[in-house]
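Me: Hey, can you walk me through some helix packing? I'm new to this.

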Amino acid sequence: MQSGAPTPTAAPAAGPPGQRREAASIGRRVLRLFLYQRELTPVLITLALFVYFAVRAGSTFTDELSLSSAAGYAGPIGAIAVGEVMLLVLGEIDLSAGQVFLFAPWVEYWLHNLGLSLALSILIALAVCCGVGAVNGLITLGLNVPSFVTTLAMNFVLFGLVLIYSSDAQASPIPLSSSTGSPGFSSQFMGSWLWSEILWVLAITVVGAVVLTRTRFGTRIVATGGNLVGAAEAGVPVRRVKMWCFVLCSFLAGLVGIVDAVKYGSLDPGNFGVDYILYAVGACVIGGTALTGGRGTIVGAFIGAILIGVLEDGLTLIGVSTNDFYVWVGVVIIFAMALNAQFDRLIARSRET
């Protein structure tokens, strides 16, 4: 006998609980990957830009000459950024690194013209760069002058020395450059080959990343930048760590500066290093380095430099004005900084829960 009561309808079947948990778990893993691997964000942005310019400019963008041009833009920025990351992790900065990049080949050129051998000229030029970094460190740490002020002043000092001793005349040809008629292995190794500079920077990036993440010295850098007082109480020689980072920053900038000079074959005394350091700091920020200290990634800074190189080369090829390039770099830096700030908030929340 049938009852008059309405028959209840079955609710729509939900997905199996196991599938929902698996999907949520994958989402959390992807989010955690982007939170803790800061290099992924600039990698994706760089790949997106590369695809965009490859579609817009076609084979003109992807041929060897164009790619080497992008590498030429990125090389100096990446080399300076590697040393800059170490200082930024410490909560310091070196605004003179861009001028050291331009100053080192001048010292080599002057010494070689005085009759010194090429190898000795390069070694002394690099020693001078280390001396510049040491002076920056001594003034900053010994006299308690902010590194921003110290290195800004050093930037002007080096620029003035180049103008004085060059008599405003260009230097050419640079030893080992192709204009000297020496296409041998040493010439190509030191910069005259199309890809030598970016390979130098790549090698510096790998070594720098290993030093920062896999060595005791790198651990001390991160500890000092994260908690200066705590690191000092734990026995970390914080002043010595900072001093060595100032020296390394200047050394790396000078080394690639010499390679860059060999690549182009001449030096212009009117070049000012501020542009290089601004791009380098921008690459550090894009790559995920915190300007407040305690966190940084050398690989991310290198990728940030590649991003800037791709952006500059691509915009040039599609006919965008050079002036517009600065706008786009600013937009990318703001976007990257805002993204990193949001990542920091998410990390803080995840630690609280």
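Me: At what angle do helix H4 and helix H9 pack?
Reply: Helix H4 (residues 64–89) and helix H9 (residues 196–214) pack at about 20°, and their axes are 9 Å apart. Helices here are DSSP runs of H or I with at least four residues, numbered from the N terminus. Axes are lines fitted to C-alpha atoms over the stretch in contact, with angles from 0 to 180 degrees between N-to-C directions. H4 and H9 are therefore roughly parallel (that word covers angles under 35 degrees, while roughly antiparallel means over 145).

Me: Is this a predicted model, or what is it?
Reply: It's a predicted model: local features need pLDDT of at least 70, side-chain atom pairs count only at pLDDT 80 or more, and totals for chains, interfaces and linings use all residues. Residues are numbered from 1 along each chain as its sequence is written, and side-chain values use heavy atoms, leaving out hydrogens and water.

Me: OK, what about H9 and helix H14?
Reply: H9 packs with H14 (residues 298–317) at about 155°, with the axes 8 Å apart. That makes the two roughly antiparallel. The contact (heavy atoms within 4.5 Å) includes Leu202 and Ala209 of H9 and Phe302 and Ile306 of H14.

Me: New topic: which residues does Leu311 touch?
Reply: Setting aside neighbours within four places in sequence, Leu311 is in contact with Leu49, Phe53, Phe325, Trp328, Val329 and Val332.

Key
Parallel < 35°, antiparallel > 145°, perpendicular 65-115°, else oblique.
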